Structure formats: C-alpha cells, structure tokens
Amino acid sequence: MRWNNTHQDRRIQRAAPWLIAAILGLSLQWLLFGQVTPPPVGPPGQVSLTQNSANQPSPNQASPSQVPANQAPANQPPTATQPATGQRTLLIMIDPAHGGTESGAVLNPVILEKDVTLALARRLRQQLITRGIQAQLVRDSDGILSVDQRAVLANAAQPALYISIHATSQGSGMRIYTAMLPASGDNSGPFVDWQSAQSASLARSRWAQGQLVAAVQKTGFPVRSLAAPLRPLNNITVPALALEIAPTTGDVSQLASADYQQMISAALANGVATLIPALRTKPESAP
Amino acid sequence: MIPRQFALATVILCCLAIGMSVYVWQLRRREALNPQPSVPAQHVSPPTLGPMEKVTVYVAYDDPGELRAQSISIPLSSGRQQRAEELLRGLLNIYLEKNSPHPLGAGSEVHDVYLVNQGIAVLDLNSAFVNGQTSGILAEELTVASMIQTLSTNIPGLMRVKILVDGKERETLAGHSDLSGFYDVSQVTALAKQLSAQ
C-alpha cells in the first residue's frame, strides 16, 4: 500500500508541470484570442483568418486596406493592413451629451438638451439591439460626467464606433461631425497624445461619417457632414462621431416627441447596420 | 455724579446717530423704489485714426448654418495688433445689429487681441460674449470660425489662435466648442470651406 502511494505520488509529480503548462497555455490563448481555437497552420507570425475570411481579401490581392488612410476610396473604409484575427464582438457606444447640473442648451423653458439626448440615446440603443448589434450607453441616468471621463469610458470599452448625441434648436435635421484635428497626428508610439488621440482613427471616422450621411439621406431626412472642435471626440481612440439633432419644423418641442426620436433613431440604426461589415475588420492605424 | 457737559455730549451724539440711521434707511428705500436701469458694461475703444479700408469679413448665418464672405469698409490703424482688434470689432458690430444673422448677447466685446511670435494670436473676449452665445455645436463653431477666418484672411502669417474669456482659459464657448487648446488656422480654413459650401 505504501509502495503504491509513493508510486502514485511520483506519477503525479511528473505529470503536474505538464498539466500546469497546458492550463497556462490554454488560459493565455483564451486571453489573447477570446476563444480556444486550434493553433493556426502556417508560418510563425502569420495571423489566422476569421470565420468570415471569405469576405476578406487575400494577402496577395491589392485590397482597399492597403491604401493609405488619406487616399482611401470613398466606398471603402481606410482600414486593416492585416487580416482580422477574429470576428470582433461589435459594440456601439452611445454617449448622450451633458447631464446632471450641466444641462447643455436650454431648448425651451421645459426642454433641456441633456434630456433629449438621453431619450434619443436610449431609443437608438433599442433600435440597434433589435438589429442584433450590441450597444451601450455612456450614461443611462441624469448623472454628470466630464468629457475626460466619457473618453476614458469609451477608450476602455474599445467599441467599434463611438457616437456622441447632441440636440439644438438651430437649423434643421441632423448634422454628423468628426473631430477637427490634423489627419496625421504623431501617435505611432506606445503612448498616445490625449489631445489628438483620435488622429489614428480619424480616417475611419470620416469614412463612417460619409456612410452614415448616405444612409440617412436615403430616408429623405436633411443631414449634413462637418468637422467640429468638440470634446471628447479628440480624445477617443476608436472611430468617433458626434450627432446634432435639430427640429425640421422649427418647433423645438418636436425634439422631445417620441415619433420624431423614433424616426431618427431608426434611420441612424439602419445607417450603423450598413457599417457593420466594415467595422468587423480589425482597425489598424493608417500607415 | 456725571459732569453736565458729558451728559449733553452723549445725548447730542445719540441724536445724531439716530438721525443718520433714519436718513440712510430713507435713501435705501428710495433706491429700492426707483432702481437705476442696468447698463451693460461697454468696452470703450480708442478712436481709430486710420483711413477707411475695404476688408473681407466672414459672417455667420444661423438660418442656413453658413459662413459667408462679406466686404465691409472700416477705419483701420496701421499697427498690426490694432488692425486685428478693429477687424473683430467690425465683425461684432454686424452681429450686434438689430437684424443680425448670428445674434450675440448685448455687451459682447473683444477686450484685446494679442499677436505674439510664431504666428500666434490670443483673443480675449468678455463674459457677456460667452453668456450671450447660443449653445450648440454648429452655432458655436460658426462664431469661432467666423472670428478666426476673418483674422487670418486679413492678418497674414497667422497660424494658431487661442481664445480666452476675461483673460482666463475656459473649457468651452457655451458647452460645445472647445476653447482649452489652440485653433490651427489651416483647420479652421478647411472648416470655413465646409461651412461655406452648403
């Protein structure tokens, strides 16, 4: 009996390092790739293709992804220089601007910008979820968040697209903004300049802006694209847009109407859905 | 026993104190009944001695959300800094008119414009300017683009612009347009083209 126990102990002692190594290896793979998959077949350093690899250009093909960001064709996103490593879990982060004591524009004595943005953001989230797109709000209550806090939350979540929502009484329809900063920011190193953190994603933001404008225009809703010196767009490291919604009738109370918000959120959700195939590719910084 | 003259002096002083209190109370009451009309603090600018010149200013139009180039004739000094201040005051006069295309609050004024080395301009606005500014992304960027584009068109060599309010840094103009950093004139020019091309 004693011999048997000793023998078993030795076997366990021999097997333990291999068992620990296997567990560590699997854990590392899970951490890196999100799921446990067989190791890629191919030369070392080559990244395995994804489930939707049929839609991806082969490395030998001249693909839009190899076009420099500032020369991207209008119908293709300036995107990955490498194939994607996995089908990304897409998250759209919606940021209802203002909140708490910071009410934004006083649209009329009873309608505040912070309330309109929150209501619209909730509707947009619902519209996206019904289309099978994961969506999250930066604030889901009347709380106050600084622009830096909003940027930190968005950068930590690494969404596929960040959308900041604003409302105004001026003008008509919708304006879609990208950040106003130089297209070639010096953010190639390990540290990113906070004031121009968006620079690496600006080309993709502009592409998303163009696609979203085109999608909303199809509904006949007045929409316009511009750049804006607006924070926290500059501080977001992923594609980021800001929307400003105005009434089409000149009556500010239209902004608070459920029908109007539903129509806008549906048009936006349809637009975001058209971006999904391109957003699934792994965003790499433009060369 | 208190001396007689001390008692008299005390009584006289007490009467004087009571009389003055009643007078002050009456003055305050009269002031409360007839309040003076509040006059916004106007910046008193020195008279311009230069000749009338035709300059191009970029005027914001809220209704279509556009920036339009417009020629105006204003007296301009020969000094670069004074010219910059007079240009902005000429632009603000358009916004402070009765039928302004981009209304600003009463009393809006540019305190000073400082032109420093390496093409940097610092604009110092007053608090009435930002308090009267309509809140909104487009409304605020029209104001900023209008001022910077007017300056850069008429003051050659301008590369960056910083906006202060009452001499202090401010986070935003009216909740949206970022004032925490410098504006790159080339970017504002590109934005002005976007805003003009509608």
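**Chain A as a whole**

Start by colouring chain A by burial: of its 287 residues, 40% count as buried. This is a predicted model, so everything on the tour describes a prediction. Switch to a cartoon view and you will find 5 helices and 8 strands in chain A. Walking from the N terminus, the order of the elements is α-β-β-β-α-β-α-β-β-α-β-β-α. A contact map of the chain is worth opening too: among contacts between residues at least 6 apart in sequence, 77% join residues at least 24 apart.

**Stop 1: Ile163(A)**

For a contact that spans the sequence, select Ile163(A), which sits in strand 5 of chain A. Is Ile163(A) buried or exposed? There are 26 C-beta neighbours inside 10 Å, and 20 are enough to qualify, so Ile163(A) counts as buried. Now show what surrounds this side chain. Leaving aside residues up to four places away in sequence, Ile163(A) touches Ile92(A), Ile94(A), Asp95(A), Leu241(A) and Leu243(A). Add Ala242(A) to the selection and draw a C-alpha to C-alpha distance from Ile163(A): the two are 5.5 Å apart in space and 79 residues apart in sequence.

**Stop 2: helix 5 of chain A and its two partners**

Next, select helix 5 of chain A, residues 258–279, together with helix 4, residues 202–217. Two packed helices are described by the angle between their axes and the distance between the axes. Here the axes come within 8 Å and cross at roughly 130°, which makes helix 4 of chain A oblique to helix 5 of chain A. The crossing is right-handed.

Show side chains at this contact. Helix 4 of chain A brings Ala208(A), Gln211(A), Leu212(A), Ala215(A) and Val216(A), while helix 5 of chain A supplies Ala267(A), Leu268(A), Asn270(A), Gly271(A), Thr274(A) and Leu275(A). Sorted by class, the residues of this contact are 7 nonpolar and 4 polar, with no charged ones.

Keep helix 5 of chain A on screen and swap the partner for helix 2 of chain A, residues 113–130. Their axes come within 8 Å and cross at roughly 45°, an angle that makes helix 2 of chain A oblique to helix 5 of chain A. This crossing is right-handed.

Which residues of helix 2 of chain A meet helix 5 of chain A? They are Ala119(A), Leu120(A), Arg123(A), Leu124(A), Gln127(A) and Leu128(A). Facing them from helix 5 of chain A are Gln261(A), Gln262(A), Ile264(A), Ser265(A), Ala266(A), Leu268(A), Ala269(A) and Val272(A). By class, this contact of helix 2 with helix 5 of chain A has 9 nonpolar, 4 polar and 1 charged. Click on Leu268(A) before moving on: this residue takes part in the contact with helix 4 of chain A and in the contact with helix 2 of chain A.

**Stop 3: backbone details**

Most residues other than glycine have a negative phi, and most peptide bonds are trans. Three places are worth a backbone check.

- Select Arg231(A) and Pro232(A): a cis peptide bond joins them, with omega about 10°. Pro232(A) lies in the loop between strand 7 and strand 8 of chain A.
- Go to Gln158(A), in the loop between helix 3 (147–157) and strand 5 (161–167) of chain A. This non-glycine residue has a positive phi of about 50°. Gln158(A) has 13 other C-beta atoms within 10 Å and is partly exposed.
- Jump to chain B and pick Asp166(B), in the loop between strand 5 (160–165) and strand 6 (183–184). Asp166(B) is not a glycine, yet has a positive phi of about 50°. With 13 C-beta neighbours inside 10 Å, Asp166(B) counts as partly exposed.

**Stop 4: two helices of chain B**

Stay in chain B and select helix 1, residues 4–33. At 1.5 Å a residue, its 30 residues should span 44 Å, and the end C-alpha atoms are 44 Å apart, which agrees. The number of buried residues in helix 1 of chain B is 0, so this helix lies largely in the open.

Then select helix 4 of chain B, residues 137–154. The expected span for its 18 residues is 26 Å, and the end C-alpha atoms agree at 26 Å apart. Here 16 of the 18 residues are buried, so helix 4 of chain B is largely enclosed by the rest of the structure.

**Last stop: where the chains meet**

Finally, show both chains and select their contact, which takes 19 residues from chain A and 20 residues from chain B. On the chain A side, the elements giving two or more residues are strand 6 (173–179), strand 7 (223–228) and strand 8 (240–246). Strand 7 of chain A gives the largest share, 3 residues. Colour this side of chain A by class and you will see 10 nonpolar, 6 polar and 3 charged residues.

Technical notes
Residues are numbered from 1 along each chain as its sequence is written. Chains are lettered from A and ligands numbered from 1 in the order in which they are written. This is a predicted model: local features need pLDDT of at least 70, side-chain atom pairs count only at pLDDT 80 or more; totals for chains, interfaces and linings use all residues. Two residues are in contact if their C-beta atoms, placed from the backbone, lie within 7 Å. Helices (H or I, at least four residues) and strands (E, at least two) are DSSP runs, numbered from the N terminus. Ala, Val, Leu, Ile, Met, Phe, Trp, Tyr, Cys and Pro count as nonpolar, Asp, Glu, Lys and Arg as charged, and the others, Gly among them, as polar. Axes are lines fitted to C-alpha atoms, for helices over the stretch in contact, and angles run from 0 to 180 degrees between N-to-C directions. Angles under 35 degrees count as roughly parallel, over 145 as roughly antiparallel, 65 to 115 as roughly perpendicular and the rest as oblique. A crossing is left-handed if the near helix is turned anticlockwise from the far one by less than a right angle, and right-handed if clockwise. The expected span of a helix is 1.5 Å times one less than its number of residues. A residue is buried if 20 or more other C-beta atoms lie within 10 Å of its own, exposed if 12 or fewer, and partly exposed in between; C-beta atoms are placed from the backbone.
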